[in-house]
Amino acid sequence: MDGSLNLKGAANAPFYLPQADEISVFQAAYDNQLPVLLKGPTGCGKTRFVAHMAAKLGRPLYTVACHDDLSAADLIGRYLLKGGETLWVDGPLTRAVREGAICYLDEVVEARKDVTVVLHPLTDDRRILPIDRTGEELEATPGFMLVASYNPGYQNILKTLKPSTRQRFVSMEFTFPKPEHEIPVVVRESGLDEARVKPLVRLANKLRDLKGQDLEEGVSTRLVVYAATLIRQGMPVERAILAAMIEPLTDDRDTKRGLLDLVTAVFG
Ligand SMILES: Nc1ncnc2c1ncn2[C@@H]1O[C@H](COP(=O)(O)OP(=O)(O)OP(=O)(O)O)[C@@H](O)[C@H]1O
Ligand SMILES: [Mg+2]
């Protein structure tokens with residue numbers, strides 16, 4: 001299989017700043033046809049990482065945002081009626097299996113139970129996708145890779161992966177980037193200068209320290225990028241922080257007041 005880095009793809013890959021050895025782990029999994037699971041909080045760079053790796057490896061990428069109504073048929077495909085004819089239409093997973101593409105199942109724990117059943121024969125060394133409706137049994141084309149992600153932080157015991165599913169994936173934990181990584185990411189993504197990004201990142205880390213006490217989730221890198229983008233566009237700093245880094249975190253007035261005190265502590 002063409003596991004070597006596709007340099008043409010690498011040049012056009014979406015910007016991703018590595019935090020540790022995630023690129024080499026992903027590459028090794030790809031080279032050995034192993035599926036990958038990314039765990040981590042919202043907005044910490046999982047989707048960007050997969051987009052970056054797909055471009056680097058020169059593979060098409062099919063992303064599916066999983067939700068509680070998502071069924072196996074949504075992934076595999078279904079018969080559709082078209083002008084009096086019944087046509088089989090491949091779903092994104094089937095397309096990826098046929099083409100040797102990367103299929104990224106975002107928030108896989110949200111999907112219905114029948115979805116995990118479909119994933120099992122694809123995520124062990126058989127690498128097959130049985131399509132009951134057509135009687136086909138597809139063998140995955142070399143280059144096909146299954147990547148899934150989920151956020152373990154929502155603390156929903158019912159919504160976690162069964163051991164028999166999770167033990168089929170090479171897994172990596174993503175966390176919010178350390179300041180020395182987050183500052184250049186936010187500078188690059190927003191175009192705001194480093195001097196003005198630094199205090200935003202400092203504030204983000206103070207807000208993250210409150211996770212579990214007053215806040216369900218810490219402020220994401222995505223939101224820091226939003227705040228920096230609004231500031232670069234000319235919005236006053238406090239207004240941008242309220243809109244992009246405080247309001248999205250909580251609806252509770254007292255909590256909000258506490259968070260605003262933190263803003264004053266950082267920005268004076
Ligand atoms: N290491 C990184 N390199 C480049 N950009 C990053 C990085 N980490 C975070 N970002 C920025 O953060 C934004 C949000 O990241 P992304 O959409 O990948 O989050 P996610 O982990 O997929 O979140 P969710 O679980 O909500 O889907 C990106 O659009 C990008 O601007
Ligand atoms: Mg994502």
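A pocket is, on a 1 Å grid over the protein atoms alone, an open set of points with protein on both sides within 12 Å along at least five of seven lines. In this predicted model, the largest pocket is the space taken by ligand 1, and it makes a convenient place to begin a tour of the binding site.

Three helices each give two or more residues to the shell around ligand 1: H3 (46-57), H8 (179-190) and H10 (221-232). The biggest share comes from H3, which supplies 3 residues. The shell also brings two domains together around the ligand, with at least three residues drawn from domain 1 (7-173) and at least three from domain 2 (179-267).

In total, 16 residues surround ligand 1, and those that come nearest are Leu-17, Thr-42, Gly-43, Thr-47 and Glu-189. By character, the shell is a mixture of 6 nonpolar, 5 polar and 5 charged residues.

Turning to individual polar contacts, two involve the protein backbone. A polar backbone atom of Leu-17 lies 2.8 Å from a nitrogen atom of ligand 1, while a polar backbone atom of Arg-48 lies 2.9 Å from an oxygen atom of the ligand. A side chain takes part as well: an N or O atom of the Glu-189 side chain is 2.7 Å from an oxygen atom of ligand 1. On its own, ligand 1 has 640 Å² of accessible area, and the protein covers 89% of this.

Conventions:
Residues numbered from 1 in each chain as written. Chains lettered and ligands numbered in written order. Predicted model: local features only at pLDDT ≥ 70, side-chain atom pairs only at ≥ 80, totals over all residues. Heavy atoms only, no water. Near = heavy atom within 4 Å. Polar contact = N/O pair within 3.5 Å; in protein donor to acceptor, adjacent residues only side chain to side chain. Areas by Shrake-Rupley, 256 points an atom, 1.4 Å probe, with all protein chains shown as cover. 1 Å grid on protein atoms, 1.4 Å probe; cavity = no way out; pocket = protein on both sides within 12 Å on 5 of 7 lines; lining within 4 Å. Sits in = over half its atoms within 2 Å of the grid points. Helix = DSSP H or I, 4+ residues; strand = E, 2+ residues; numbered from the N terminus. Nonpolar A, V, L, I, M, F, W, Y, C, P; charged D, E, K, R; others polar. Domains from an automatic or database assignment.
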